[in-house]
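Colleague: I am new to this structure and should like to understand the terms used to describe it. May I put some questions to you about the reasons behind them?

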Amino acid sequence: MVIQWVNAEKLESEPDLGSRFREVNGIVVPGGFGYRGIEGKIRAFDMPEKSIPYFGLCLGLQTAVIEFARNVCGFGGGTQHRI
């Protein structure tokens, strides 16, 4: 097993996440504190649509819930919404 470490802040501006995660078998998003990298963690959750398993721990699970609320429940995107 090879672990590929990814900085969530860099994912915020990465144009094509599909190429970044093409060779992975799953995504684990750990907990964290503060706002840094939140949008990158939310973008990483979009990858399950590509059949890549996602496991969010603590803040990682919370970002998955934010992404679900935005895209399934229609709360919209951006930081102006408090979820």
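Colleague: In what order do the elements of the chain run from the N terminus on?

Modeller: This is a predicted model. From the N terminus, the order of its elements is α-α-β-α-β-α. The chain has 4 helices and 2 strands.

Colleague: What share of the residues in the chain is buried?

Modeller: Of the 83 residues in the chain, 31% are buried. The accessible surface of the chain is about 5900 Å², and carbon and sulfur atoms hold 57% of that surface. As to contacts with a separation of 6 or more, 60% of them join residues 24 or more positions apart.

Colleague: Why is helix 3 described as largely enclosed by the rest of the structure?

Modeller: A residue is called buried when its relative accessible area is under 20%. In helix 3, 6 of the 8 residues are buried, so the helix is largely enclosed by the rest of the structure. The buried residues are Ile38, Gly40, Lys41, Ile42, Ala44 and Phe45.

Colleague: Which elements do the buried residues of helix 3 pack against?

Modeller: They pack against helix 1 (8–11), helix 2 (17–20), strand 1 (27–29), strand 2 (54–56) and helix 4.

Colleague: What makes helix 3 roughly perpendicular to helix 4?

Modeller: The axes of helix 3 (residues 38–45) and helix 4 (residues 59–71) cross at roughly 70 degrees, and they come within 8 Å. Angles of 65 to 115 degrees count as roughly perpendicular. The crossing angle therefore makes helix 3 roughly perpendicular to helix 4. As for handedness, helix 3 passes helix 4 in a right-handed crossing.

Colleague: Which residues make the contact between helix 3 and helix 4?

Modeller: Helix 3 contributes Ile38, Glu39, Lys41, Ile42 and Phe45, while helix 4 contributes Leu59, Thr63, Ala64, Ile66, Glu67 and Arg70. By class, this contact has 6 nonpolar, 1 polar and 4 charged residues.

Colleague: Why is cysteine 58 called exposed?

Modeller: The cut-off for exposed is a relative accessible area over 50%. Cysteine 58 has 58%, and is therefore exposed. This residue lies in the loop between strand 2 and helix 4. Its phi is near 55 degrees, a positive value in a residue other than glycine.

Colleague: Why does asparagine 25 count as exposed?

Modeller: The relative accessibility of asparagine 25 is 73%, so this residue counts as exposed by the cut-off of over 50%. Asparagine 25 is in the loop between helix 2 and strand 1. With neighbours within four places in sequence left aside, asparagine 25 is in contact with Ile52 and Pro53. Asparagine 25 and tyrosine 54 are 29 residues apart in sequence, and their C-alpha atoms are 9.5 Å apart.

Colleague: Why is valine 6 called partly exposed?

Modeller: Partly exposed covers values between the cut-offs of 20% and 50%. Valine 6 has a relative accessible area of 29% and is therefore partly exposed. Valine 6 is placed in the segment before helix 1. Beyond its neighbours within four places in sequence, valine 6 is in contact with Leu11, Arg20 and Phe21. From valine 6 to valine 29 the C-alpha distance is 9.7 Å, with their positions 23 residues apart in sequence counted as separation.

Colleague: What makes proline 30 partly exposed?

Modeller: Its relative accessibility is 45%, so proline 30 counts as partly exposed. Proline 30 belongs to the loop between strand 1 and helix 3. Setting aside neighbours within four places in sequence, proline 30 is in contact with Lys41, Leu57, Leu59 and Gly60. Proline 30 and glycine 60 are 30 residues apart in sequence and 5.3 Å apart in space, C-alpha to C-alpha.

Colleague: How do you know that aspartate 46 is partly exposed?

Modeller: At 27% relative accessibility, aspartate 46 has a value between the two cut-offs and therefore counts as partly exposed. Aspartate 46 is found in the loop between helix 3 and strand 2. Not counting residues up to four places away in sequence, aspartate 46 touches Glu67 and Asn71. The C-alpha atoms of aspartate 46 and phenylalanine 68 are 9.2 Å apart, and the two residues are 22 apart in sequence.

How values were computed:
Residues are numbered from 1 along each chain as its sequence is written. This is a predicted model: local features need pLDDT of at least 70, side-chain atom pairs count only at pLDDT 80 or more; totals for chains, interfaces and linings use all residues. Side-chain values use heavy atoms; hydrogens and water are left out. Axes are lines fitted to C-alpha atoms, for helices over the stretch in contact, and angles run from 0 to 180 degrees between N-to-C directions. Angles under 35 degrees count as roughly parallel, over 145 as roughly antiparallel, 65 to 115 as roughly perpendicular and the rest as oblique. A crossing is left-handed if the near helix is turned anticlockwise from the far one by less than a right angle, and right-handed if clockwise. Contact means heavy atoms within 4.5 Å. Ala, Val, Leu, Ile, Met, Phe, Trp, Tyr, Cys and Pro count as nonpolar, Asp, Glu, Lys and Arg as charged, and the others, Gly among them, as polar. Buried means under 20% relative accessible area, exposed over 50%, partly exposed in between (1.4 Å probe, protein chains only). Accessible areas come from the Shrake-Rupley method with a 1.4 Å probe; for residues, only the protein chains shown count as cover.
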